[in-house]
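Trainee: Could we take a close look at a single loop, and then work outward to what surrounds it?

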Amino acid sequence: MKRPITICSGQFGDLPLEELCKQMSTIGYDGLELACQSHIDVRKALSDDQYVADLKGTLAKYNLGLWAIGGHLIGQCVGDNWDPRLDNFAPARFSGKPDEIRAWAIDEMKCIARAAQRLGVGIVTCFLGSPIWAYWYSFPQTPPEMVEEGFQRIKELWSPIFDVFDECGVKFALEVHPTEIAFDYYSTLKLMETFEWRETLGLNFDPSHLVWQGVDPCVFLRDFQKRIYHVHMKDVKVKLDGRAGILGSHIEFGDTRRGWNFVSLGHGSVDFDGIIRELNQMGYHGPLSVEWEDSGMERIFGATEAFEFTKKINFEPSDVSFDAALKVD
């Protein structure tokens, strides 16, 4: 079964749903990964049958599927310690109110699970946030107890949410990412162990966040293959020129002085050939969802190019050994 090629809608959040559907269908995409807040009104999806019917009808009109919805910004508000930047992810009425933001986000995540069920979607891609991200570099020295407290806090906050996901038959796919409780290989392993490998919690594999950290995406895929619930196609270009380092220098994304930047597919350092081979070996048949982020390229050009790149590399495994014909009967 050929993996469908989809695209994340968050980076096109200024486009109305119908316009986005028409544009991406014309390019050739098989579906969308719709972002909550941008293209799904979660509360309407829960209470308004006509809204659900209209949303599904718009997708069907353009022959687009819906395999996953994204709740990244809301999920971040659950696990993070507040600072003013978090106000951008929550309704304006909660600005500057950490407790209210978290309470809203917890309730909203439960609603997202129920909305996914109503929409017939089995995967929610998301972030968890992290109360200990500021401690990633151990100075002032970070005792292990503080790290453990952070992981236990995430378990405390998210376990009741995951209970609702279980009730709805929906899986949670964490995007391993800097600023998350799980941001690399070993922090992901610790997270899975903290939740005792709860089946609800899986991964939205995104190689772009691993490569610049020096983590091999293919090794990551192989070791966590049973928890890969969804896949993002996203590239990153690492270019350390002797001045720039991997920590970014507080320089905005897209600036060519940075040591690495997210780029359109095929323009970076990610080994997508190796990734497809690993996905084939583990039997992953879910979407390849393009998360298009390239500050140096016009986005429709980029979305079109990214689709063509993914289509070309979306090969299936062989059903015959290449040297089978050489065997003697």
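**One loop and its surroundings**

Mentor: Start with serine 9, which lies in the loop between strand 1 (5-8) and helix 1 (17-27). Helices (H or I, at least four residues) and strands (E, at least two) are DSSP runs, numbered from the N terminus. This is a predicted model: local features need pLDDT of at least 70, side-chain atom pairs count only at pLDDT 80 or more, and totals for chains, interfaces and linings use all residues. Residues are numbered from 1 along each chain as its sequence is written, and side-chain values use heavy atoms, leaving out hydrogens and water.

Is serine 9 buried or exposed? Serine 9 is buried, with a relative accessible area of 1%. Buried means under 20% relative accessible area, exposed over 50%, partly exposed in between (1.4 Å probe, protein chains only). Now look at what serine 9 touches. Leaving aside neighbours within four places in sequence, serine 9 is in contact (heavy atoms within 4.5 Å) with Leu20, Glu33, Leu34, Ala35 and His39. Follow the chain further. Isoleucine 69 is 60 residues away from serine 9 along the chain, yet their C-alpha atoms are separated by 9.3 Å.

Cysteine 8 comes next. Cysteine 8 has 6% relative accessibility, so it counts as buried. Why does cysteine 8 have no bond to another cysteine? The closest cysteine sulfur, in cysteine 36, is 12 Å from the sulfur of cysteine 8, and that is too far for a bond. Cysteine 36 is buried too, also at 6% relative accessible area. The closest cysteine sulfur to cysteine 36 is in cysteine 126, at 8.2 Å, again too far for a bond. The structure holds zero disulfides (pairs of cysteine sulfur atoms within 2.5 Å).

Cysteine 126 takes us to strand 4 (residues 123-126). Ile123 and Thr125 point one way from this strand, Val124 and Cys126 point the other way, and all are buried. Strand 4 has partners in the sheet. Strand 3 (residues 65-70) pairs with strand 4 in the parallel sense, over three bridges. (Two strands pair if DSSP finds at least two bridges between them.) One bridge links glycine 70 to threonine 125 in strand 4. Strand 5 (residues 171-174) runs parallel to strand 4, and four bridges join them. Valine 124 has phenylalanine 172, in strand 5, as its bridge partner.

Phe172 also belongs to the largest nonpolar core, which has 98 residues. A nonpolar core is a set of buried Ala, Val, Leu, Ile, Met, Phe, Trp, Tyr and Cys residues joined through side-chain atoms within 4.5 Å. Tyr29, Leu32, Met109, Trp158, Phe172 and Leu191 touch the most other members. Helix 5 (residues 98-119) gives the most to this core, with 11 residues. Pick out leucine 32. Not counting residues up to four places away in sequence, leucine 32 touches Thr6, Ile7, Leu17, Leu20, Cys21, Met24, Leu59, Leu64, Gly65, Leu66, Trp67 and Ala68. Leu20 appears here and among the contacts of serine 9.

Now helix 4 (residues 72-79). Seven of its eight residues are buried, so helix 4 is largely enclosed by the rest of the structure. The buried residues of helix 4 are His72, Ile74, Gly75, Gln76, Cys77, Val78 and Gly79.

Some backbone details lie elsewhere. Most residues other than glycine have a negative phi, and most peptide bonds are trans. Proline 140 is in the loop between strand 4 and helix 6. The peptide bond from phenylalanine 139 to proline 140 is cis, with omega near -5°. Two other places to check are serine 249 and histidine 250. Serine 249 is in the loop between strand 8 (235-238) and strand 9 (260-263). Serine 249 is not a glycine, yet has a positive phi of about 60°. It counts as partly exposed, at 49% relative accessibility. Histidine 250 is found in the loop between strand 8 and strand 9. Histidine 250 is not a glycine either, and its phi is positive, about 60°. It is exposed, with a relative accessible area of 86%.

Step back to the whole protein. It has 11 helices and 10 strands. Its C-alpha atoms fill a box of roughly 70 × 55 × 45 Å, taken along the principal axes. Of its 329 residues, 52% count as buried. Among contacts with a separation of 6 or more, 79% join residues 24 or more positions apart.
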